[in-house]
Amino acid sequence: MIAVELLVYLLVGLAVMMIGFLLIDLIIPLDFPKEIQEGNKAVGWVAAGIYTGLGFIIRSAIISFEASKGVDLLQGVIETLIYSLVGIIAFGVGYFAVDIVNKKFNFNEELKNKNEAAGIMIFGIFLGVAFVVSGVIQ
């Protein structure tokens with residue numbers, strides 16, 4: 001049964017991370033694949049933050065599912081999907097909140113200009129948000 005759970009969560013996790021990447025790409029007005037192909041490290045950091053943050057949230061959801069053994073695999077997958085969606089929404093909120101509060105520069109412009117420091121900052125925002133969401137899950 002552990003092998004089945006591993007395979008299911010691996011597939012769900014990969015799908016959620018790719019969907020999260022696509023959704024964040026929709027709210028940040030850049031073409032992520034094009035920017036990454038052109039070597040935009042700032043966008044690379046943002047993508048890394050998406051994958052790392054969602055991976056951390058998914059991990060916490062799985063641990064929470066494993067702690068409550070009365071829940072079947074399907075219910076665990078559904079909860080993981082819900083928590084992941086919450087995480088993706090929280091990433092967007094975090095991105096826009098910090099961008100609005102910070103009046104000295106604009107994340108969208110900085111990412112377009114390949115400002116790696118801005119990408120690292122967004123990576124940190126996404127990871128920090130993931131820690132908060134993860135803490136709530138557990």
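User: In this predicted model, how many Å does H1 reach from its first C-alpha to its last?

Analyst: The model is predicted. H1 has 26 residues, and at 1.5 Å a residue the expected span is 38 Å. The reach in the model is close to that, at 37 Å.

User: Which residues of H1 are buried?

Analyst: Buried means under 20% relative accessible area. Phe21, at 11% relative accessibility, falls under that cut-off and so counts as buried. The full set in H1 is Glu5, Tyr9, Val12, Gly13, Val16, Met17, Gly20, Phe21, Ile24 and Asp25.

User: How does the span of H6 agree with its 22 residues?

Analyst: At 1.5 Å a residue, H6 should span 32 Å. The C-alpha atoms at its ends agree with this, being apart by 31 Å.

User: Which residue caps the N-terminal end of H6?

Analyst: The contact in question runs to the backbone nitrogen of Ala117, which has a side-chain oxygen 3.0 Å away. That oxygen belongs to the capping residue, Asn115.

User: Which residues touch the most other members of the largest nonpolar core?

Analyst: This core has 33 residues. Helices H1, H3, H4, H5 and H6 each supply at least two of them, and the largest share, nine residues, comes from H3. The residues that touch the most other members are Phe32 and Phe126.

User: Which residues does Phe126 touch, not counting residues up to four places away in sequence?

Analyst: Phe126 is one of the buried residues of H6. With residues up to four places away in sequence left out, its contacts are Ile24, Val46, Gly49, Ile50, Phe91 and Tyr95.

User: Is Ile122 buried or exposed, and what is its relative accessible area?

Analyst: Ile122 is in helix H6. Not counting residues up to four places away in sequence, Ile122 touches Val46, Tyr95, Phe107 and Leu111. Ile122 is buried, and its relative accessible area is 0%.

User: How many Å apart in space are Ile122 and Pro29?

Analyst: In sequence, Ile122 and Pro29 are 93 residues apart. From C-alpha to C-alpha, their distance in space is 14 Å.

User: Which residues does Asn108 touch, not counting residues up to four places away in sequence?

Analyst: Asn108 is found in helix H5. Its relative accessibility is 16%, so Asn108 counts as buried. Leaving out residues up to four places away in sequence, Asn108 touches Ile28, Pro29 and Tyr95.

User: Why is the pair of Phe21 and Tyr51 given its class, and what is that class?

Analyst: There are eight aromatic pairs. In this one the ring centres are 5.7 Å apart and the planes lie at 15°. Planes under 30 degrees apart count as stacked, so the pair of Phe21 and Tyr51 is stacked.

User: How many residues apart in sequence are the parts that this pair ties together?

Analyst: Phe21 lies in helix H1 and Tyr51 in helix H3. Tyr51, at 32% relative accessibility, counts as partly exposed. The pair ties together parts whose separation in sequence is 30 residues.

User: What kind of aromatic pair do Phe56 and Phe131 form?

Analyst: Phe56 is in helix H3 and Phe131 in helix H6, 75 residues apart. Phe56 has 28% relative accessibility and counts as partly exposed; Phe131, at 45%, also counts as partly exposed. The rings are 4.9 Å centre to centre with 75° between the planes, and the pair is edge-to-face.

Methods: Residues are numbered from 1 along each chain as its sequence is written. This is a predicted model: local features need pLDDT of at least 70, side-chain atom pairs count only at pLDDT 80 or more; totals for chains, interfaces and linings use all residues. Side-chain values use heavy atoms; hydrogens and water are left out. A nonpolar core is a set of buried Ala, Val, Leu, Ile, Met, Phe, Trp, Tyr and Cys residues joined through side-chain atoms within 4.5 Å. Buried means under 20% relative accessible area, exposed over 50%, partly exposed in between (1.4 Å probe, protein chains only). Helices (H or I, at least four residues) and strands (E, at least two) are DSSP runs, numbered from the N terminus. Contact means heavy atoms within 4.5 Å. The expected span of a helix is 1.5 Å times one less than its number of residues. A polar contact is a pair of N or O atoms within 3.5 Å; within protein, one must be able to donate a hydrogen and the other to accept it, and residues adjacent in sequence count only if both atoms are side-chain atoms. Rings of Phe, Tyr and Trp (its six-membered ring) pair if their centres lie within 6.5 Å; planes under 30 degrees apart count as stacked, over 60 as edge-to-face and the rest as tilted.
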